[in-house]
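The following paragraphs go through one structure step by step. Please keep the sequence and the coordinates open while reading.

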Amino acid sequence: TVEKSPTILARLARSLKARDWGAAVIEIAIVVIGIFIGLQVDAWNDVRKDRQEESDYLQRLHDDVATLVGMQQQRIETRMERLEDMADAADILIGVAPVTDWSKRHCDALAFSHIYVPLPMALPALDEMLSTGKLSLIRDIPLREALSRLQIQVVRSEEMIARIDGSVRVLSRHYPHAIWESIVPDDESENRRHDTQPACDLEAI
């Protein structure tokens, strides 16, 4: 049988019993150095892991922002078109523009004037970092502070939207004789379903 070499602790114990202080000091130094190297390796692995996780989050944030900007741009364009239609409708109603200019888009603008679709602001990667406490992984201090401010702004916007939703005025409910919803067949439906579209009585308005 092959005899196993004594471990460092065993050799240290033997040196202490034999009062071989020099050997004992060497063995202790070896143990301390080994522990130090192990801790350093663990710390290096943790740092490497953090840097990789930071890189992944930054890439996800970049992708989320790019998607968000595209969605916001599309939403803004739609909102501007609706505002222009409402302004044109107002001009017709107050006599600035001729009644002959009235069209379905003006009726739609009035009927849907109570609908406010907020701009998307949430970033999934940021939400995950905040919920898991990993925002500190971002070493860029200005970026980290900007992300924190963005989250505060998102919360405030949600509170403001909730207040707006509670105070909107649905014109078709207050003036059903002038604006109402009519049922029309949905030509694109294969099941002969019907859809609702706003209708307006310009004289009543």
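Isoleucine 37 is located in helix α2, which covers residues 21-93; helices here are DSSP runs of H or I with at least four residues, strands are runs of E with at least two, and both are numbered from the N terminus. The model is a predicted one, in which local features require a pLDDT of at least 70 and side-chain atom pairs a pLDDT of 80 or more, while totals for chains, interfaces and linings use all residues. Residue numbers start from 1 along each chain as its sequence is written, and side-chain values rest on heavy atoms, with hydrogens and water left out.

With a relative accessible area of 47%, isoleucine 37 is partly exposed, a class that lies between buried (under 20% relative accessible area) and exposed (over 50%), computed with a 1.4 Å probe and protein chains only. Ile37 joins Ile33, Phe36 and Val41 in a nonpolar surface patch of about 390 Å². Patch members have over 30% relative accessible area and no salt bridge; like charges are joined within 9 Å, and nonpolar side chains (Val, Leu, Ile, Met, Phe, Trp, Tyr) within 5 Å. The protein as a whole exposes about 15,100 Å², of which carbon and sulfur atoms supply 57%; these areas come from the Shrake-Rupley method with a 1.4 Å probe, and for residues only the protein chains shown count as cover.

The overall layout comes next. The secondary structure consists of 6 helices and 2 strands, in the order α-α-α-α-α-α-β-β from the N terminus. Of the 205 residues in the protein, 20% are buried. Among contacts (heavy atoms within 4.5 Å) between residues at least 6 apart in sequence, 55% join residues at least 24 apart.

Confidence is given as pLDDT, the predictor's score for each residue from 0 to 100. The protein averages 82, and 80% of the residues score at least 70. Helix α4 (residues 124-132) has the highest confidence, at 93, whereas helix α1 (residues 8-17) has the lowest, at a mean of 60. Over residues 1-5 pLDDT stays under 50, and the model has 0 contacts for them beyond four places in sequence. Where pLDDT is low, the predicted coordinates should not be read in detail.

Which residues form the largest nonpolar core? This core has 11 residues, namely Tyr57, Leu61, Leu68, Leu123, Ala125, Leu126, Met129, Leu135, Leu137, Ile138 and Leu147. Helices α2 and α4 each supply at least two residues of this core. A second core lies apart from it and has 10 residues, including Ala89, Ile92, Cys107 and Leu171. A nonpolar core is a set of buried Ala, Val, Leu, Ile, Met, Phe, Trp, Tyr and Cys residues joined through side-chain atoms within 4.5 Å. In soluble globular proteins, nonpolar side chains tend to be buried together. Within the 11-residue core, leucine 135 touches Leu126, Met129, Leu130, Arg144, Leu147 and Ser148, leaving aside residues up to four places away in sequence.

Charged pairs form another part of the picture. A salt bridge requires a side-chain nitrogen of Lys or Arg within 4 Å of a carboxyl oxygen of Asp or Glu, and the whole structure has 7 of them. Arginine 139 pairs with glutamate 54, with the closest N and O atoms 3.0 Å apart. The two are 85 residues apart, arginine 139 being in the loop between α4 and α5 (141-165) and glutamate 54 in helix α2. Is each partner buried or exposed? Arginine 139 is exposed at a relative accessible area of 54%, whereas glutamate 54 is buried because its relative accessibility is 5%. Beyond four places in sequence, glutamate 54 touches Leu137, Ile138 and Arg139. A network of salt bridges links Arg51, Glu54 and Arg139.

Aspartate 85 and arginine 105 form another salt bridge, at 2.3 Å between the closest N and O atoms. This pair connects helix α2, which holds aspartate 85, to helix α3, which holds arginine 105, 20 residues apart. Aspartate 85 is buried at 15% relative accessible area, and arginine 105 is partly exposed at 39%.

Helix α3 (residues 104-111) is largely enclosed by the rest of the structure because 6 of its 8 residues are buried: His106, Cys107, Asp108, Ala109, Leu110 and Ala111. Within this helix, lysine 104 and aspartate 108 are 4 residues apart and so are separated by about one helical turn. Their side chains meet in a salt bridge of 2.7 Å, N to O. Lysine 104 is partly exposed, with a relative accessible area of 46%, while aspartate 108 is buried, with 13%.
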